[in-house]
Amino acid sequence: MKRFTKLAVAVASACALNSLSVATVTAQETAVSSAVAPLQKTLADVEYRLPSQVAPTFQRIHLNIDPDNPAYTGTTTIDVTVKKTTNKIGFYQQDLTVSSARLVSGDTTIPLSVSIGDYDMNWGEARSEIAPGNYQLEISFEGKVNTSSDGMYLSRFEDTNYIFTQFEDMHARKAFPSFDEPNFKIPYQMTISSPAHQEIVGNTPVEKTTVENGIKTVVFEKTKPMPTYLIAYTVGPFDSTEITGLSVPGKIYVPKGYADKTKFVVKHTPEILASLEDFFGIKYPYKKMDFVAVPNFTHGAMENVGLITYRDSLLLLEDNPSVTERSRPLNVIAHELAHQWFGNLVTMAWWDDLWLNEAFASWAASHTMKTLYPELNYADRIVQERAFTADASPTVKPVKKIVKSQPDVMDGLGLNYSKGESILQMIESLIGTEKFREGVQNYMNTHAWGNTVADDLWSALDNVSDFNLSAMMKAYLEQPGYPLIHISKEGKITQSRFHLAGATVEDKTWAIPLKLTYQSKGKILNEVVFIDKETMVLPKIAEADWVFPNDNATGYFRWSVEPSQLNALLDNIDVLNKREKKNLLYNYQALLNADEIGVDSVMKLLNTLAKDDDPAVIRAAVGVLEEFDYLVNERNKDAYAALLNQNYMPLLTSLTLTQAEKDSADVIRLRNQLYELLGTYANNQALVEQSVDLANQYISDTTSVPSGIAGTAIEIATKNSKDGEQSKWFNAIVDAYKKAQLPNVKSTLMYSMHFEDKATVFKMLDLALTDDITPANTMYMVVRVARNLDDQTLLYQWLDKNYEALINKMPDYHVSRMPEFVSTTCSSDNLELANDFYGKISNKYQGMSRGVEIMQDESKQCMRLKTAFQDDFDRFLNSQ
């Protein structure tokens with residue numbers, strides 16, 4: 001379980017059969033374009049979706065936008081087919097003013113009176129019945145560009161205004177009226193008028209440009225069939241760099257003056273795209289592939305057709321970033337490009353199957369990273385560890401769940417990626433990569449340009465497998481949680497739902513593939529067993545010396561074996577690969593959190609693996625030790641510091657705080673993690689002094705220290721600053737932040753500060769409301785402060801006075817999740833402060849009540865664990 005004393009990295013900031021022939025693609029595209037109704041296999045008409053009696057087939061949109069003017073106007077014409085007599089036409093819009101709406105069919109015009117209904121649906125009502133037939137729905141509207149980084153929004157960067165878009169999941173309706181559901185997959189044609197000096201970019205190549213009276217009007221080519229959430233455009237004084245070597249034209253658009261910061265991305269993007277084209281057996285399906293660096297972006301990136309948007313930190317880089325600094329940009333680029341097939345070419349029919357998009361894009365990105373960049377060690381990542389904590393919560397919802405509104409989509413969003421990818425990796429490990437690829441290619445070819453539901457994917461994979469994959473996937477994705485497997489010395493295998501100590505959950509049963517490795521009579525054997533009942537007996541393993549039930553650590557479950565078998569396994573630990581060693585440690589840490597074993601059992605494993613020869617395994621041990629930080633307190637901190645100085649400081653000393661060219665990614669990551677742990681808890685004055693020097697060095701010259709070291713150095717230096725020095729540090733860091741150009745440098749400076757005195761805490765929080773911090777990053781500063789404070793009284797004093805300004809600045813996604821990001825704690829006093837604060841405001845903001853529920857559950861769980869294990873942890877420290 002990730003504890004709550006540090007700013008999580010995710011918050012400080014989530015391939016060769018024959019390709020389709022041109023004739024086949026064109027035929028499928030034409031069929032979809034002429035469709036007049038959503039897929040029959042989707043949900044029947046429900047109150048939170050538009051009725052199926054009216055369906056769009058094509059939409060034209062014309063927007064009049066000036067980045068220097070918050071107001072804009074627009075018109076749209078939507079070709080619709082009315083299948084059944086009705087007196088009203090539904091469409092989506094949010095926060096727009098509709099000035100006129102009418103239906104046109106030939107010489108007939110039907111005025112519509114527009115009213116606003118539930119779920120952002122608007123209803124254009126006619127005075128008489130509307131007969132079945134083909135019509136054009138014409139709407140004129142006006143609105144204001146928002147600043148919160150969703151919908152169509154303004155981003156001010158270096159005194160210049162830019163317009164960007166973020167329409168996933170339900171935000172296109174904030175920019176223009178539309179049938180804003182993924183199942184309405186139709187072509188669009190966008191026209192944008194803006195002052196002539198602005199650069200205007202859209203999903204497709206430009207068809208025509210005209211300039212009249214200082215206004216430039218750009219008409220873009222008609223798109224291929226796509227959902228509204230993939231529409232994108234941007235307006236501003238951009239610079240651009242060409243991406244050469246792609247199968248289609250491509251450019252990177254950046255804020256003015258930053259084109260020279262894109263060389264790394266230009267170099268590697270062509271090989272990533274080529275690898276994905278090879279895997280899917282289908283060429284990139286669109287006419288162009290542009291990237292945009294966005295200075296104010298809620299998420300990491302967005303896979304818009306032909307115009308992929310990224311946080312600027314992912315595209316604006318040094319020419320040759322370090323091994324660890326290049327990992328995330330390359331992975332995100334691979335993820336977004338994989339979406340051009342998973343999600344764009346083939347789209348989920350409704351948001352309850354969002355995992356179809358995200359899980360496969362994550363899996364394909366990992367596959368690409370392992371193929372192209374083995375030095376980054378993606379093969380060693382155990383993806384399910386990112387999912388297990390959230391998926392153990394009693395309040396967790398299934399990956400595939402009922403979705404009615406935007407907060408419903410965001411609820412548990414991370415599991416769409418991590419749990420979804422984990423399940424796909426488990427399937428791949430069962431049937432083999434080539435069979436998996438064959439199933440994926442069949443799925444893509446069958447459903448290209450259309451929409452799908454989960455059953456379509458399960459069918460495609462079942463057809464290439466000897467296993468009943470459908471039953472397995474349904475159990476994992478349509479119910480919450482995951483199993484705990486107990487293997488007794490009699491060979492009895494029992495499954496139950498894993499839960500953390502003291503939690504109450506509804507029990508479930510899964511179809512679980514156990515890939516067993518065991519030693520019996522001197523031989524190491526392997527076997528795959530499916531467990532689909534609560535208990536079964538496998539006599540073979542009753543005679544085993546040891547059992548490891550998770551070959552290559554691909555299973556999505558926790559497990560336990562008899563102590564004697566575990567001891568025998570530890571005596572033969574080198575039969576396990578590094579993934580399996582890490583899984584063994586993480587698994588027994590989880591068993592501790594479930595109150596199945598004691599602290600000593602985990603420490604025995606930890607001490608064994610901390611002596612391993614592989615830095616990735618040692619780092620896992622260090623990470624598990626760091627997970628005990630919620631048990632460190634005033635009474636035991638000296639004993640904990642002594643343990644760290646005795647057992648782990650020598651390792652950091654041998655690694656040094658200097659990053660060498662020859663250092664592998666695993667060595668760099670181990671150094672960074674050791675430094676963070678020791679700098680925070682070892683109370684080592686020499687390390688503090690070294691950190692002060694490194695922090696000052698980085699502030700003076702941000703190229704002089706690697707960012708992973710620099711961030712920790714700043715944290716240690718500022719945390720240990722003496723009274724009267726805090727203001728000096730704060731001013732120096734903010735000044736360096738304002739001078740820095742690269743966004744990653746800015747983040748390292750701004751979100752590493754650790755102050756606890758009232759004056760500087762309030763300065764940090766006040767800074768979050770200024771233009772120096774973008775709306776998309778506003779909450780990260782608040783989270784940083786929250787993680788710094790053991791006693792969060794100062795945080796809530798500030799929030800009580802400033803929450804309205806804070807919430808008005810943040811994107812909707814952050815508003816709904818603010819409680820779980822900012823306020824999850826392991827302190828009953830802090831939880832009481834949080835409950836008092838959100839009790840006054842949570843009902844005012846859509847989705848926030850769910851965030852409060854998650855925050856309360858995670859906080860109470862941490863406190864339950866603290867009660868359960870504090871004495872054991874203290875005894876362990878005293879025994880050292």
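## A walk through the predicted model

Let's start with how confident the predictor is: the chain has a mean pLDDT of 92, and 95% of its residues reach 70 or more. Residues 1-43 are another matter, since their pLDDT is below 50. That stretch still has 109 contacts in the model beyond near neighbours in sequence. Keep in mind throughout that this is a predicted model.

A good place to begin looking is helix α10, which covers residues 454-462. Its buried residues are A454, D456, L457, W458, A460 and L461. What do the buried residues of α10 pack against? Their partners are the helices α5, α8, α9 and α11, together with the strand β22.

Take α5 from that list. This helix runs over residues 354-372, and its axis comes within 9 Å of the α10 axis. The two cross at roughly 45°, so α5 and α10 are oblique to each other. On the α5 side, the contact is made by W355, L356 and F360; on the α10 side, by A454, L457 and W458. Sort those residues by class and you get six nonpolar, no polar and no charged. You may recognise A454, L457 and W458, which also appear among the buried residues of α10.

Two other partners of α10, namely α8 (413-431) and α11 (469-477), meet each other as well. Their axes come within 11 Å and cross at roughly 160°. An angle over 145 degrees counts as roughly antiparallel, so that is how α8 and α11 lie to each other. The crossing is right-handed. From α8, the residues in the contact are K419, I423, M426, I427, L430 and I431, and from α11 they are L469, M472, M473, Y476 and L477. By class, this contact of α8 with α11 divides into ten nonpolar residues, no polar ones and one charged.

Before leaving this part of the chain, look at the loop between α9 (433-447) and β22 (451-452), where W449 sits. Here is a little oddity. Most residues other than glycine have a negative phi. W449 is not a glycine, yet its phi is positive, at about 70°. Is W449 buried or exposed? With a relative accessibility of 1%, W449 counts as buried.

A similar backbone feature turns up at T656, another residue other than glycine with a positive phi, this time near 65°. T656 belongs to the loop between α18 (649-655) and α19 (665-681). Its surroundings leave T656 partly exposed, with a relative accessible area of 35%.

The backbone has another surprise to offer, this one in a peptide bond. Most peptide bonds are trans. The bond from E168 to D169, however, is cis, with omega near 10°. You can find D169 in the loop between β10 (160-166) and β11 (188-195).

Now for another pair of helices, α14 (residues 578-593) and α15 (residues 599-609). Their axes are 9 Å apart, and the helices pack at an angle of about 165°, which means α14 is roughly antiparallel to α15. Which way does the crossing go, left-handed or right-handed? α14 passes α15 in a left-handed crossing. In α14, the residues involved are K581, L584, L585, Y588, Q589 and L592, and they meet V599, V602, L605, L606 and L609 in α15. By class, this contact has nine nonpolar residues, one polar and one charged.

Let's finish with two single residues, each in a helix. T712 is part of α21, which spans residues 707-719. T712 is buried, having a relative accessible area of 8%. Setting aside neighbours within four places in sequence, T712 is in contact with Y675 and E676.

D800 lies in helix α26, residues 793-809. With a relative accessible area of 41%, D800 is partly exposed. Which residues does D800 touch, leaving aside its neighbours within four places in sequence? D800 is in contact with F837 and K840. For a sense of spacing, S849 is 49 residues from D800 along the chain, and the C-alpha atoms of D800 and S849 are separated by 18 Å.

Key:
Residues are numbered from 1 along each chain as its sequence is written. This is a predicted model: local features need pLDDT of at least 70, side-chain atom pairs count only at pLDDT 80 or more; totals for chains, interfaces and linings use all residues. Side-chain values use heavy atoms; hydrogens and water are left out. Axes are lines fitted to C-alpha atoms, for helices over the stretch in contact, and angles run from 0 to 180 degrees between N-to-C directions. Helices (H or I, at least four residues) and strands (E, at least two) are DSSP runs, numbered from the N terminus. Angles under 35 degrees count as roughly parallel, over 145 as roughly antiparallel, 65 to 115 as roughly perpendicular and the rest as oblique. A crossing is left-handed if the near helix is turned anticlockwise from the far one by less than a right angle, and right-handed if clockwise. Contact means heavy atoms within 4.5 Å. Ala, Val, Leu, Ile, Met, Phe, Trp, Tyr, Cys and Pro count as nonpolar, Asp, Glu, Lys and Arg as charged, and the others, Gly among them, as polar. Buried means under 20% relative accessible area, exposed over 50%, partly exposed in between (1.4 Å probe, protein chains only). pLDDT is the predictor's confidence in each residue, from 0 to 100.
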